[in-house]
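Colleague: Before we go through the model, I would like to know how to read a few of its features.

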Amino acid sequence: MKSTFIADLQPNQDATSIFLVQSKDIRQKRTGEPYLSLSLADRTGEIEAKMWDNVADVMDTFDRDDFVKAKGRVQVFQNRLQFTIHKLRRADESEVAFEDFFASSERDPEEMFAELRQMVSLVGNPHLKGLLEAVLDDQDIAERLRRAPAAKSVHHAYLGGLLEHVLSLCQLCRLAAGQYKFVDLDLLLAGAILHDIGKVYELAFRRSFHYTDDGQLLGHIVLGLRILDDKVRALPDFPPRLRNLIAHLIISHHGELEFGSPKIPLFAEAVLLHHLDNMDAKMEAVRALLRKDPLLEGCWTTYFQPLDRMLLKTDRYLRGEETSEAPPARPGSNAGGKPESAQTLSLFGEKLKGALEK
């Protein structure tokens with residue numbers, strides 16, 4: 001197991017540890033010599049890293065998604081931690097415990113899967129119950145579902161994240177159906193359990209989360225329809241119209257055509273499923289940003305593109321902490337959201353800025 005995790009790093013600390021390289025960029029100093037700009041990660045978070053000296057000796061020995069053993073010093077740059085690397089080498093897989101580098105759900109996957117089984121056992125519609133049991137009885141799907149992330153980066157992006165998201169969504173469905181009595185809870189729950197089931201084949205997760213070939217070519221909606229059709233074929237009495245409703249829940253859950261749904265939601269359960277799914281994803285993104293925001297001081301997080309905003313850290317705000325200047329609503333804009341052309345850099349400007357960072 002790693003002796004030092006990113007979440008434990010403190011300013012002005014010397015540290016030596018193994019990290020997963022999430023991004024690698026070779027840049028030039030004003031002298032023309034190369035330096036490395038890296039993003040390093042483990043299961044507790046990420047940290048920006050720079051290596052200024054002896055870079056030519058190591059820069060071609062590793063790449064993105066490799067493990068490296070790095071020795072250096074933790075410093076503060078622009079209100080966030082930065083790791084200045086003095087020595088670096090590519091780490092062999094025999095030195096690595098993979099569980100140290102993948103964030104995972106705080107819940108036990110077997111416990112979550114048993115809870116999902118219990119949810120299915122309470123479904124009253126025999127056709128829907130049989131379909132859901134057929135999906136969970138598929139050993140390949142079940143094994144993948146215990147480990148799959150719900151997304152590559154935006155929400156529930158950790159091992160077990162998909163199963164955690166599905167269970168959270170099922171709980172929201174139960175609450176919402178209690179408020180909206182005209183909604184068919186069994187149909188809504190079936191949609192919650194199956195809406196993202198294609199992600200078990202869309203995403204791969206060894207060193208970093210990435211799309212499989214099928215995921216790139218088809219996406220989780222098409223893959224989910226494949227699973228649905230495969231299971232329905234083995235259930236000869238399954239009503240065709242009920243199959244169409246489940247298929248619509250899968251293909252419409254993104255809510256809008258521009259967000260990847262082939263159809264917008266066209267019946268009550270589909271509309272509700274979309275909004276509950278969107279809410280659960282957004283709130284998990286909020287939780288993760290507040291928990292892992294890299295800024296060390298101030299009441300505001302960094303700008304987060306998926307939410308198109310920064311977030312107020314209410315605990316710091318209520319304690320009376322102040323920031324000297326309100327952060328921009330998005331990169332390249334002022335607090336009122338108006339573009340500031342002076343903040344927009346050309347490609348040359350970006351490279352020049354990087355060269356002057358030292």
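**Reading the fold, a buried acid and a ring pair**

Modeller: Of the contacts (heavy atoms within 4.5 Å) in the protein chain with a separation of 6 or more, 55% are between residues 24 or more positions apart. This is a predicted model, so local features need pLDDT of at least 70, side-chain atom pairs count only at pLDDT 80 or more, and totals for chains, interfaces and linings use all residues. Residues are numbered from 1 along each chain as its sequence is written, and side-chain values use heavy atoms, with hydrogens and water left out.

Colleague: How many of the residues count as buried?

Modeller: Buried means under 20% relative accessible area, exposed over 50%, and partly exposed in between, with a 1.4 Å probe and protein chains only. Here 45% of the 358 residues are buried.

Colleague: Which side chain of opposite charge is nearest to Asp277?

Modeller: Lys and Arg count as positive, Asp and Glu as negative, while His and the chain ends are not counted. A salt bridge needs a side-chain nitrogen of Lys or Arg within 4 Å of a carboxyl oxygen of Asp or Glu. Asp277 is buried without one, and Lys199, the nearest candidate, is 6.9 Å away. Asp277 sits in helix α10, residues 268-292, and its contacts beyond four places in sequence are His165, Leu169, His195 and His253.

Colleague: Why is the pair of Tyr180 and Phe182 edge-to-face?

Modeller: A pair of aromatic rings is described by the distance of the centres and the angle of the planes. Centres must lie within 6.5 Å; planes under 30 degrees apart are stacked, over 60 edge-to-face, the rest tilted. The structure holds four such pairs. For Tyr180 and Phe182 the centres are 6.4 Å apart and the planes at 65°, so the pair is edge-to-face.

Definitions and conventions:
Helix = DSSP H or I, 4+ residues; strand = E, 2+ residues; numbered from the N terminus. Phe/Tyr/Trp six-rings, centres within 6.5 Å; stacked < 30°, edge-to-face > 60°.
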